[in-house]
Amino acid sequence: MNRSFYFQFVQQYFPLLVTSIIERLNEKRTNKLPYLFKELLTPTFSADGRWASVLAEYSRVAADVVALDSELPLKTRDSISKASGDIPKLGMKLYLTEKQMKDIDSMIAQGLPVNQILNKIFNDLPRCIEGIWERLEDMFLSGLSTGVALSTRNNGTGVRINYGYEEDNQFGVAVKWDDEINATPLDDIQKLFDKALEDQNTITDLWLDDKALRGLYRSKQVRDQFSFDSGVTVTEGAKTPVLDFAKAGQVIQTKFGATLHRVARKIKTELNGNRQSHSPWKTGMVVATCNEVLGSLVWTNTAEATRPVAGVDYQVADEYILLSKYSKNDPLQEFTSSQAMVVPVIDNVDMIYTLDTATVQE
């Protein structure tokens with residue numbers, strides 16, 4: 001590796017550009033789909049390079065009433081279990097071709113505005129940052145909807161992290177939600193709240209994809225409940241119109257006191273030059289959660305962060321993303337790369353309940 005061909009620009013503008021790009025990307029997301037991992041996970045540094053999800057089975061057991069001078073009965077001690085593993089490495093790399101570099105050289109020679117030149121030199125920087133974020137969102141959404149974070153469309157080794165969702169907290173439905181006449185979504189959701197009450201937990205949020213939401217919108221039971229809540233009398237033979245997100249959310253809030261969230265996310269990946277989009281959320285899955293923060297974004301330093309390579313310029317974004325600029329010859333290329341050792345981890349999985357609307361539970 002050699003020093004960037006545009007070292008004078010990298011030395012002067014690299015640090016400032018990383019900061020401004022992070023701010024701009026975060027602002028851009030306010031008008032687009034958010035990164036839920038940023039909203040629901042807390043960044044946490046791991047000194048040993050391992051992640052851990054702790055399940056603490058703390059149950060509230062009422063004290064016994066005993067006569068004076070009587071021996072206190074012995075209670076069962078609560079248990080703690082832990083899932084853990086090594087933090088995987090994520091990264092991507094882009095480069096300027098000889099043609100692109102000749103164009104930049106021409107812009108410099110013509111004395112064009114520095115902003116135009118910087119835009120060409122650092123054009124790959126936002127993509128390298130967002131590439132890490134996209135992969136984390138991919139892993140987090142697959143993990144939240146199934147209990148197992150997957151990242152399979154990779155160049156190299158895939159990532160599979162099992163958070164250890166409790167089997168007793170995973171439910172199916174009485175009738176699949178695509179049957180708008182016979183399905184009973186409110187009764188199915190009630191099972192989650194009943195189990196949470198038994199566990200002495202309080203469900204505050206429900207996360208659904210579009211397939212599950214369509215089942216809610218079209219369900220006769222949910223539409224009738226909306227009419228009842230609104231004080232509307234539906235005459236015999238008439239039918240309440242299909243609901244929308246706001247109306248369905250109103251039904252859920254009135255009946256259960258929980259907030260409805262739509263999860264609609266596609267992740268674009270590239271493997272051997274072939275780009276594809278996929279949805280990381282399990283189709284038709286409903287996830288009920290009890291906390292505003294669901295876990296940690298666990299990160300550690302990459303090897304190169306503590307062993308910098310001579311000639312390479314580095315900057316850090318979001319604490320855990322190591323960005324670098326450098327060049328190579330044969331062929332002549334100017335590289336921008338990102339790497340991070342980071343993983344989304346869901347904690348307190350005993351407070352997460354799932355409902356698969358496409359699976360009938362006997």
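The backbone nitrogen of G284 sits 2.8 Å from a polar atom of the side chain of D209. That little contact is a good place to start looking around this model, which is a predicted one.

## A buried acid: D209

Where along the chain do we find D209? Its place is the loop between β8 (205-208) and α7 (210-218). Here comes the curious bit: D209 is buried and yet has no salt bridge. The nearest side chain of opposite charge belongs to R214, and that is 6.9 Å away. A salt bridge needs the nitrogen and the carboxyl oxygen to be within 4 Å, so R214, at 6.9 Å, doesn't count as a partner.

So what does D209 touch, once its neighbours within four places in sequence are left aside? It is in contact with V263, W281, K282, T283, G284 and M285. G284, with its backbone nitrogen 2.8 Å from the D209 side chain, is the residue we began with. Keep K282 in mind too, as it turns up again in the salt bridges.

## The salt bridges

How many salt bridges does the model have by the rule used here? The count comes to twelve. Let's look at some of them, with the distance taken between the closest N and O atoms.

| Positive residue | Negative residue | Closest N to O distance |
|---|---|---|
| K99 | D103 | 2.9 Å |
| K282 | D356 | 3.3 Å |
| K325 | E334 | 3.5 Å |

Take K99 and D103. Both are in helix α3 (residues 98-109), and because they are four residues apart, about one helical turn separates them. In general, an α-helix has 3.6 residues a turn, so residues three or four places apart point the same way. K99 counts as exposed because its relative accessibility is 55%, while D103, at 36%, counts as partly exposed.

Now for K282 and D356, which form a salt bridge with their closest N and O atoms 3.3 Å apart. K282 lies in the loop between β11 (274-278) and β12 (285-289), and D356 lies in strand β17 (residues 352-360), so this pair ties together parts that are 74 residues apart in sequence. Is K282 buried or partly exposed? With a relative accessible area of 36%, K282 is partly exposed. D356 is buried, with a relative accessible area of 10%.

In the K325 and E334 pair, K325 is buried, with a relative accessible area of 0%. E334 counts as buried as well, at 1% relative accessibility.

## Strand β16 and its partners

E334 belongs to strand β16, so let's go there next. Of the 14 residues of β16 (residues 333-346), 14 are buried, so the strand is largely enclosed by the rest of the structure. In a regular strand, side chains alternate between the two faces of the sheet. You can follow that here: Q333, F335, S337, Q339, M341, V343 and V345 point one way, and E334, T336, S338, A340, V342, P344 and I346 point the other way.

Which strands pair with β16? Strand β4 (residues 89-96) is joined to β16 by eight bridges, and the two run antiparallel. To see where they line up, find G91, which stands opposite Q339 in β16. Strand β13 (residues 295-300) also runs antiparallel to β16, with six bridges between them, and W299 stands opposite V342.

Then there's strand β15 (residues 321-328), which pairs with β16 in the antiparallel sense over seven bridges. Here Y326 has F335 as its bridge partner. β15 and β16 make a hairpin with four residues between them, and D330 in the turn has a positive phi of about 60°.

## Helix α6 and K191

Last stop: helix α6. At 1.5 Å a residue, the 14 residues of α6 (residues 185-198) should span 20 Å, and the end C-alpha atoms are indeed 20 Å apart, which agrees. Its buried residues are P185, L186, D188, I189, L192, F193, K195 and A196. After the helix comes Q200, whose phi is positive, near 65°.

K191 is also in α6, and at 25% relative accessibility it counts as partly exposed. Setting aside neighbours within four places in sequence, K191 is in contact with F171, G172, V173 and Q361. The backbone oxygen of G172 lies 2.7 Å from a polar atom of the K191 side chain. As for V173, its C-alpha is 9.3 Å from that of K191, with the two residues 18 apart in sequence.

Key: Residues numbered from 1 in each chain as written. Predicted model: local features only at pLDDT ≥ 70, side-chain atom pairs only at ≥ 80, totals over all residues. Heavy atoms only, no water. Expected span 1.5 Å × (residues − 1). Buried < 20%, exposed > 50% of the residue type's maximum accessible area, 1.4 Å probe, protein only. Pairing = 2+ DSSP bridges. Lys, Arg positive; Asp, Glu negative; His and termini not counted. Polar contact = N/O pair within 3.5 Å; in protein donor to acceptor, adjacent residues only side chain to side chain. Contact = heavy atoms within 4.5 Å.
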